[in-house]
Amino acid sequence: RVKAEMLRLVDDLELSAGERTEAKRLVEAHHDKAFDHAIHINRELGRKFDEKSYYDELFSQMMDQARGDGHPELAQKLLLQKDDHSLEVTER
């Protein structure tokens, strides 16, 4: 569900069609690591998941990968729009 929410969030970003496709590929590529990071951090605090930690970690990994793949303009767009959006996850 968290990954699906992030993929929907990418649809709300101001990106070209090609950038949107690449951003979704980056979500797919980095979701598991960011999710595990968010779970691990909060296990000590007694919470199951920290969406802010996940969101920040995922965007960081996506921007790093975009730069590494030769897409600095996509990385910049992600950086500029990151704080304009947020992810809200309801635990069941």
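This briefing walks through the helices, core, aromatic pairs and salt bridges of the structure above. Keep in mind as you read that the model is predicted. Four helices, α1, α2, α3 and α4, each supply at least two residues to the largest nonpolar core, and α3 gives the most, with 7 residues. The structure also holds 2 aromatic pairs and 11 salt bridges.

**The core and Tyr54**

- The largest nonpolar core has 26 residues, and Met6 and Tyr54 are the members that touch the most others.
- α1, α2, α3 and α4 (72-82) each bring at least two residues to this core.
- With 7 residues, α3 is the helix that gives the most to it.
- Is Tyr54 buried or exposed? Tyr54 has a relative accessible area of 0%, so it counts as buried.
- Setting aside neighbours within four places in sequence, Tyr54 is in contact with Val2, Lys3, Met6, His31, Ala34, Phe35, Ala38, Phe49 and Leu87.
- Met6, one of those contacts of Tyr54, is also one of the buried residues of α1.

**Helix α1**

- Helix α1 covers residues 2-12.
- Val2, Met6, Leu7, Leu9 and Val10 are the buried residues of α1.
- Why do these residues sit on the same side of α1? They cover an arc of only 155° around the axis, and that places them on the same side of the helix.
- α1 also carries a salt bridge, in which the side chains of Arg8 and Glu5 meet at 2.4 Å, N to O.
- Arg8 and Glu5 are 3 residues apart in α1, about one turn of the helix.
- In general, an α-helix has 3.6 residues a turn, so residues three or four places apart point the same way.
- Both partners of this bridge are partly exposed: Arg8 has a relative accessible area of 46%, and Glu5 has one of 32%.

**Helix α3**

- Helix α3 runs over residues 51-68.
- Its 18 residues reach 25 Å from the first C-alpha to the last, close to the 26 Å expected at 1.5 Å a residue.
- The buried residues here are Ser53, Tyr54, Tyr55, Leu58, Phe59, Gln61, Met62, Met63 and Ala66.
- After α3 comes Gly70, which has a positive phi, near 85°.
- Leu58 of α3 can be placed relative to Asp32: their C-alpha atoms are separated by 9.2 Å, although the two residues are 26 apart along the chain.
- Asp32 itself is found in helix α2 and is exposed, with a relative accessible area of 53%.

**The aromatic pairs**

- The structure holds 2 aromatic pairs. Phe35 and Tyr54 form an edge-to-face pair, with 6.5 Å from centre to centre and 75° between the planes.
- This pair links distant parts of the chain, as Phe35 lies in helix α2 (residues 17-43) and Tyr54 in helix α3, 19 residues apart.
- Phe35 is partly exposed, at 26% relative accessibility, whereas Tyr54 is buried at 0%.
- How are the rings of Tyr55 and Phe59 arranged? Their centres are 4.7 Å apart and their planes are at 50°, so this pair is tilted.
- Tyr55 and Phe59 both lie in helix α3, 4 residues apart, about one turn of the helix.
- Both Tyr55 and Phe59 are buried.

**Salt bridges beyond α1**

- As a general point, side chains of opposite charge can pair when their charged atoms come close.
- In helix α3, the side chains of Asp64 and Arg67 meet in a salt bridge at 3.4 Å, N to O.
- Asp64 and Arg67 are 3 residues apart in α3, so about one helical turn separates them.
- Asp64 counts as partly exposed at 49% relative accessibility, and Arg67 is partly exposed too, with a relative accessible area of 43%.
- Lys82 forms a salt bridge with Asp83, their closest N and O atoms being 3.6 Å apart.
- Which partner is buried and which is exposed? Lys82 is buried, with a relative accessible area of 14%, whereas Asp83 counts as exposed at 65%.
- Lys82 and Asp83 also belong to a network of salt bridges that links them with Lys52 and Asp56.

Definitions and conventions. Residues are numbered from 1 along each chain as its sequence is written. This is a predicted model: local features need pLDDT of at least 70, side-chain atom pairs count only at pLDDT 80 or more; totals for chains, interfaces and linings use all residues. Side-chain values use heavy atoms; hydrogens and water are left out. Rings of Phe, Tyr and Trp (its six-membered ring) pair if their centres lie within 6.5 Å; planes under 30 degrees apart count as stacked, over 60 as edge-to-face and the rest as tilted. Buried means under 20% relative accessible area, exposed over 50%, partly exposed in between (1.4 Å probe, protein chains only). The expected span of a helix is 1.5 Å times one less than its number of residues. A salt bridge is a side-chain nitrogen of Lys or Arg within 4 Å of a carboxyl oxygen of Asp or Glu. The arc is that of the directions from the helix axis to the C-beta atoms. A nonpolar core is a set of buried Ala, Val, Leu, Ile, Met, Phe, Trp, Tyr and Cys residues joined through side-chain atoms within 4.5 Å. Contact means heavy atoms within 4.5 Å.
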